[in-house]
Amino acid sequence: MAGRFAPSAGRPPAAAPGAMGVRTSLVRTPSARSRSEAVIRAVLLLAALLTVVTTGAIVVSLATETIGFFREVPIAEYLFGTRWTPTLRAEQQSFGVLPLIWGTFYLSAIGLLVAIPLGLLSAIYLSEYAPARVRSVIKPILETLAGVPTIVFGYFALTFFTPEVLRGLLHIEVKTFNALSAGIILGLLVMPTIASVAEDAMSAVPRSLREGAFGLGATKLQVSLRIVFPAALSGIVAALILGASRAIGETVIILIAGGQTARLSVDPTESYQSMAAFIAAVARGDIPVGSIEYKTIFAVGFTLFVVTLALNAASIRLVRRYRQVYE
Amino acid sequence: MTGAQIAAAARSQETVFPRARAGQRVTDAGFRGLMYGAVGLACLALLTLLFDVARDGAPALSLDFLTNFPSRFFPERSGIQSALVGTLCLMAITAVIVIPLGVATAIYLEEYADHTRWYNRLVEINIQNLAAVPSVVYGILGLAFIVRGPLSLGNVLLAGGMTLALLVLPVVVIVSREAIRGVPSSIREGSLALGATQWQTIYRQVLPGSIAGIATGIILSLSRAIGETAPLLVIGASANTLFNPRGLDDQFTALPIQIFTWTQQADRAFVSLAGATILVLMGVLLVMNSFAIFLRNRYEQKW
C-alpha cells in the first residue's frame, strides 16, 4: 500500500526544500507507467486515423482514375451528353452520363414515392396510435424488413413482383426488367429506415406538448400532425434524406430487376440503369485494366460519391437548423 | 372536472370539450384507415417475400444441397458448399480486422480525444460520412487499392475480407461509442480517484461495462457485412466455384454472389436454387441476430 504513495520510478527531481520542506520542483521524469500510457494512447490514435486514411484512399482512388478518364473524354461530353454506351466498340462509344444520373434519380423517385408515405404513416402509427401490444409486434416486423439483404429484394422483384404482381395481378405490360418493379421494391427496402428514424424522432417529443394540446381540445389527428410532426421535423427530415441516400446508393436490386440499359425516358415499363448498378455490371465483365471502360467505373463512382456526400452534408445542416431543444 | 378526470379523458382520446365536428371525425377516420393500410402493406410485403422465397426454395433444400458444389449444367446436383464456406471465412476475416480497429477507434474518440481539437472533430465527421457512403463505392476502393493498385492481392479471400471490414468499420465505431458512452462517468472517476491510470480504468471498468453493447453491435454489423453483394461483385468474387478457398490467397465466392449468379439464369431450376440459398443465408442471419439479442438481454448492464 505504501507503494501507491511512493514517488514514481526514476530519480527524484532536484529538491529545493521550500517553505515546509516539501519538494517544489514541477519537473516530472517519465515513469514506466506514463510511458506505457503514452504508447497505448498513440496506438489508439493510429487506429482512429485509419478511418481518415480510408476516406483519403477512396478519394484518391476515385480521383486519379477519374482524371485519367477526363483526359480521354471531354468533361462537357460527360456531363451533358445524352448517350451512355461505353461497352460498345470504340467508334460507337458515347460517354454522356445523363442517362445514368436520370436512371438513378428516376428509380429513387419511384422508390421514395412508395417509401415516404408508407414510412411516415407507419412512424406516426407506431409513435402516436399503436397500443403497446401491437407495437411489440409491428416494430420487430419492421426491423426484420430492415435486416433483409438487398439481394433477396432483388430476387423477389425479378422472380415474383414482375411476373406475379405487375403482369399477373395488375395486368401492366412491363418488360422483364423494368423501372416500376425495381423502383417499388427499392421503396420497400428504404421504407423501414424512414419509419424507424422518423419514429425515434417523434417518440422523443415530450408528452407535455401532446397533453397540452389534448387539454385544449385537439383530436389525436390534430395533435399528431400539428404538434408532434412539426416538433420532430428535424429528425423526420433526417429520416427522409437517409432514405434518399440509401435509395441512390442501392446497387443489387436495380442490377437484377432494372436491367442494363441506360435510358433517358419516363416509361416505367422499360429497363433503366443507375450509377451504382452500372459500376457493378461493368466490374463484373472482363475489362482490361487501364482501358476507358475500366476508367468509367471510377468516373461514375466519383459522381455517385459526390452526390451521396452532398446529401449527407445537407442532412447534417438541415437537422442542425430545425432541431428543437426541449426543456 | 378534476385533474384526474381531465387526464383520463385526454388519455382516452376524447376531448374534455364538446365532441369534434362530423367533418373532423371523418378526417380522423380516414387518416386512421391510411395508417392501417400503410402498416398492413408493409407486413403484407414481408410475408409475401418470405412466402415466395420459401415456396421457391424449400423444395431444393437438402443436406446434399449444403455439401455439393455448384454445377453450371446440372441444377439437381448443385450445392452451396463453396459459397457457405466462403461466407463463413469472410465473416471470420472481417471480424478479426474490424473488432480491434473499431473498438480501438471508439475508445480513442470517447476516452482520449479532446473534442475541441480540429483533428478529432475531423475524425468524427469523417466516420459519419463514411457510414453514408454506398457499399458499391467500398467495392471500388477494394478494387483499386486492395485487389489491384498498392496492395495488389488479386481477387482473393483476404481482399474480400478487408473490403467488407472497411465497409462495416464506421458502423462498429458508432455503435461501440454509444456503448462506451453508456458507462456513467462516476465509474470512471471512482477508478481514477483510487489511483488507476486512464488505460487501467478503461480496461478494467469501462470496457467490461460496455462489452454487451459492443458485442451486440459487432454481431449486427457482421450480419450486415455477409449480406452485402455489391462490394463483392466489384472486387471480383468468383461465381460457380468448384472448390472451397484453400487459403487467404485463393479465389472465393459467397452466398450473396451465388444467389446473384443463379437468379440471373434463364433456367427456372437455377432460380429455385437461388431461393434455397436465400433461405440458408437468412437462416445464418437469423442465428446471428438472435445471438446478438440474447447477448444484449442477458449481459446488458443497467447502471
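1. Contacts along chain A. In this predicted model, residues 24 or more positions apart account for 68% of those contacts in chain A that have a separation of 6 or more. One such long-range pair, taken up again in the last point, is L225(A) and I124(A), which lie 101 residues apart along the chain.

2. Make-up of chain A. The chain holds 13 helices and zero strands, so that, by the DSSP runs used to assign elements, the order from the N terminus reads α-α-α-α-α-α-α-α-α-α-α-α-α. Of the 327 residues in chain A, 50% are buried, while the area that chain A exposes comes to about 15700 Å², with carbon and sulfur atoms supplying 65% of it.

3. Helices α6 and α7 of chain A. Helix α6 of chain A (residues 150-169) and helix α7 of chain A (residues 179-203) have axes that come within 9 Å and cross at roughly 130°, and the two helices are therefore oblique to each other. Their crossing is right-handed. On the α6(A) side the contact is made by T150(A), F153(A), F156(A), A157(A), F161(A), T162(A) and L166(A), which meet L180(A), S181(A), I184(A), I185(A), L188(A) and L189(A) of α7(A). Sorted by class, this contact has 10 nonpolar and three polar residues, with no charged ones.

4. Helices α4 and α5 of chain B. Here helix α4 of chain B (residues 81-112) packs with helix α5 of chain B (residues 118-132) at an angle of about 135°, and their axes are 11 Å apart. This pair is therefore oblique as well, but the crossing of α4(B) and α5(B) is left-handed. From α4(B), the residues T105(B), Y108(B) and L109(B) meet Y119(B), N120(B), V123(B), E124(B) and I127(B) in α5(B). The residues of this contact divide into five nonpolar, two polar and one charged.

5. The surroundings of L225(A). Is L225(A), which belongs to helix α9 of chain A (residues 220-231), buried, partly exposed or exposed? Its relative accessibility is 36%, and because the partly exposed class lies between 20% and 50%, L225(A) counts as partly exposed. Leaving aside residues up to four places away in sequence, L225(A) touches I124(A), P230(A) and F31(B), so a reader following this side chain will meet chain B as well as chain A. The C-alpha atoms of L225(A) and I124(A) are separated by 8.7 Å, although contact itself is judged on heavy atoms within 4.5 Å.

How values were computed: Residues numbered from 1 in each chain as written. Chains lettered and ligands numbered in written order. Predicted model: local features only at pLDDT ≥ 70, side-chain atom pairs only at ≥ 80, totals over all residues. Heavy atoms only, no water. Helix = DSSP H or I, 4+ residues; strand = E, 2+ residues; numbered from the N terminus. Buried < 20%, exposed > 50% of the residue type's maximum accessible area, 1.4 Å probe, protein only. Areas by Shrake-Rupley, 256 points an atom, 1.4 Å probe, with all protein chains shown as cover. Axes fitted to C-alpha atoms, helices over the stretch in contact; angles between N-to-C directions. Parallel < 35°, antiparallel > 145°, perpendicular 65-115°, else oblique. Left-handed = near helix turned anticlockwise from the far one by under 90°. Nonpolar A, V, L, I, M, F, W, Y, C, P; charged D, E, K, R; others polar.
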